[in-house]
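Student: I'm new to this one and would like a close look at a single part. Could you take me through the aromatic residues that sit together, and then show me how that part fits with the rest?

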Amino acid sequence: MKKRALESILKVALDAFPVVLLNGARQVGKSTLALDNFKNYLTFDDGDLRLYAKENPKAFLKSIDFPICLDEIQKVPTLLEYIKIEIDRNRENGSFLLTGSSNVLDHKESKDTLAGRLCELRLLPLSSKEKNDKPDENIIEKILKREFNLPKKDYSDETVAHILEGGYPEILKLKGFAKELWFKSYIATYIERDARDLADIRDIESFIKFVNILSSRSGTILNKSSLSRDIGIKDVTTDNYLSIISRIYQVTLLKPYFVNIGKQFIKSPKLFFNDTGVLCSLLKINTKEKLLSSPYSGQIFETYIFCELQKHLSYLKESATMYHYRTSDKKEIDFVIEINDQLIAIEVKQSRSVKKDDFKHIIDLQNRYKKSCLGVLFYNGETVMEFNKNLVAIPFGIFL
C-alpha cells in the first residue's frame, strides 16, 4: 500500500475537529486510509445498515462505538443532522470520520453543514510522487524554495507511463489488458452508477455521450453552447450533467484569474478531468504511440500537470489557489497559483526544447504585476534551464 501525503493532514484535522469529512472519487483510496486510522468502520454500501440509519438515526448512533468511520455518508445525508446533535451533546475531537464519493454537503437533504464542527478534506488519486514512494516531496514547496535541481536524463517514457495509468491505487496492481478492463469497468460501474444515484437522469445514453465528448475537451476553455450542440442536448441539461460529474469528482472547472493590470479577462472556466488514466481510456488511448500521435496529446499532457499541481496544492500546509489566465487579447497562461503575496505563473509545453519566447505571456504578466511573480515552464526535456532569476524551464521529471 502506498503512503498518502494527506495522512498527516488528516491526523491533524482529527485532533482539531469532532467531525472530519474525507471526500473523493470512488476507488481513490478513502476506505484504505480510513481503515489505517480507525478500528470502528461501517459502510453505507451495506443496504441493511443504510436502511437502519435512515429509519432510526438516533438508535443507530446509540448502537455504535466512538471514534467511528462512516463510509459513503452521501447515501444517508439526513444522518448529518443527528451527528450534529450527538456532537453538541458530547463534543470530542476525532469522534467521526465521514467519507463520501460525492459531496454530501451539496446534497439537498443535508439540512446542516456542521459549521464549526467539521473539517472537509479531499483525497485525490495518487500523485506520481506517491506512486514513486516519495509522498513527503511537495512540488509547490520545491518551486517556492527554488529547488529545481534534477539529474539530466530522459524522463519522457516514465512520464507517459504515469499519464496512461493515472492515479487510482488498484491500477498499480494490474498489467496489460487487465488495466483496460479496469478502466472500462470503472467508467461503467462507478461514473454511470453514481450519476444515476445523484440525479434522476432519464436518458443515460445522452449522459454517456456527454462524458465521452467532454473527455475531448479536457484542458480547454469550457464552451457550454458548443458542448450542448455536439451532444444534441439543451444548455440546462449540460449544466446539470456538469454539476453531476463535478460532484462525483471526475472533473474540475478551474476558475479564471482576475487582477487589475489593465487587461480584460476571459470569464469562462477551464475544464480538466481529474485522472489521466480515466481520460486516456475515454479517448481510447492505451499506448505511448497512440498518446503521442493523438490530436489530444497536448491537452492530455496539460491535464497531467494540472492533476499533479492540484494534488500537491491539497497537501500544502499554506493557503494557495490555482487559476487559469486568459485575456481578451489572447494572452494565455496555463496556470497561475496565488500563494501568500506572490504568483507562480506556469506554462506547459510538450516539446523537448524551449526558448525564452515561450515565456512571452508570462513576461507580459510580470511586467504588469507589481508583486513577485515566478515564471515556470514545464516541458518534456532533460535539463533545468534558468533564463533569469524569475524564469525557469523544468523537465516533467520534477513530478516523478
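Tutor: Y168, W182, F183, Y186 and Y190 form one aromatic cluster. Keep in mind that this is a predicted model. Let's zoom in on two members, Y168 and Y186. Their rings make an aromatic pair with 4.8 Å from centre to centre and 45° between the planes, which counts as tilted. The pair links distant parts of the chain, with the two positions 18 residues apart. Y168 is in the loop between α8 (156–165) and α9 (177–198), while Y186 is in helix α9 itself. Are these two buried or exposed? Y168 has a relative accessible area of 1%, so it is buried, the cut-off being under 20%. Y186 also comes out at 1%, so it is buried too. As for aromatic pairs in general here, the count comes to 19.

Now step back for the wider setting. The protein has 16 helices and 14 strands. Its radius of gyration is 22 Å, close to the 21 Å that the globule rule gives for 400 residues, so the protein is as compact as a globular protein of that length. If you trace the C-alpha atoms along the principal axes, they span about 65 × 45 × 45 Å. Of the 400 residues, 54% are buried. Look at contacts with a separation of 6 or more, and you'll find that 71% of them involve residues 24 or more positions apart. On the outside, the accessible surface is about 18200 Å², and carbon and sulfur atoms own 46% of that. Charges are there as well: 61 positive side chains and 55 negative ones, with the centres of the two sets 4 Å apart.

A couple of other buried spots are worth a visit. S127 sits in the loop between β5 (118–122) and α6 (128–131). Its relative accessibility is 1%, so S127 is buried. Setting aside residues up to four places away in sequence, S127 touches E308, K311, H312 and Y315. Then there's Y379, in strand β12 (residues 372–379). At 3% relative accessibility, Y379 is buried as well. Leaving out neighbours within four places in sequence, its contacts include K349, S351, R352, M385 and F396. The C-alpha atoms of Y379 and E347 are 8.5 Å apart, although these positions lie 32 residues apart along the chain.

Finally, here are some backbone oddities to look for. Most residues other than glycine have a negative phi, and most peptide bonds are trans. Against that background, the peptide bond from F66 to P67 is cis, with omega near -5°. P67 is in the loop between α4 (57–63) and β3 (68–71). Go on to the loop between β3 and α5 (79–89) and you reach E72. Phi of E72 is near 60°, a positive value. E72 has 4% relative accessibility, so it is buried. R146 also has a positive phi, near 60°, and its place is the loop between α7 (139–144) and α8. R146 is partly exposed, though, with a relative accessible area of 37%.

Methods: Residues are numbered from 1 along each chain as its sequence is written. This is a predicted model: local features need pLDDT of at least 70, side-chain atom pairs count only at pLDDT 80 or more; totals for chains, interfaces and linings use all residues. Side-chain values use heavy atoms; hydrogens and water are left out. Helices (H or I, at least four residues) and strands (E, at least two) are DSSP runs, numbered from the N terminus. The radius of gyration is taken over C-alpha atoms; the globule rule is 2.2 Å times the number of residues to the power 0.38. Buried means under 20% relative accessible area, exposed over 50%, partly exposed in between (1.4 Å probe, protein chains only). Contact means heavy atoms within 4.5 Å. Accessible areas come from the Shrake-Rupley method with a 1.4 Å probe; for residues, only the protein chains shown count as cover. Lys and Arg count as positive and Asp and Glu as negative; His and the chain ends are not counted. The place of a charge is taken as NZ of Lys, CZ of Arg, CG of Asp or CD of Glu. Rings of Phe, Tyr and Trp (its six-membered ring) pair if their centres lie within 6.5 Å; planes under 30 degrees apart count as stacked, over 60 as edge-to-face and the rest as tilted.
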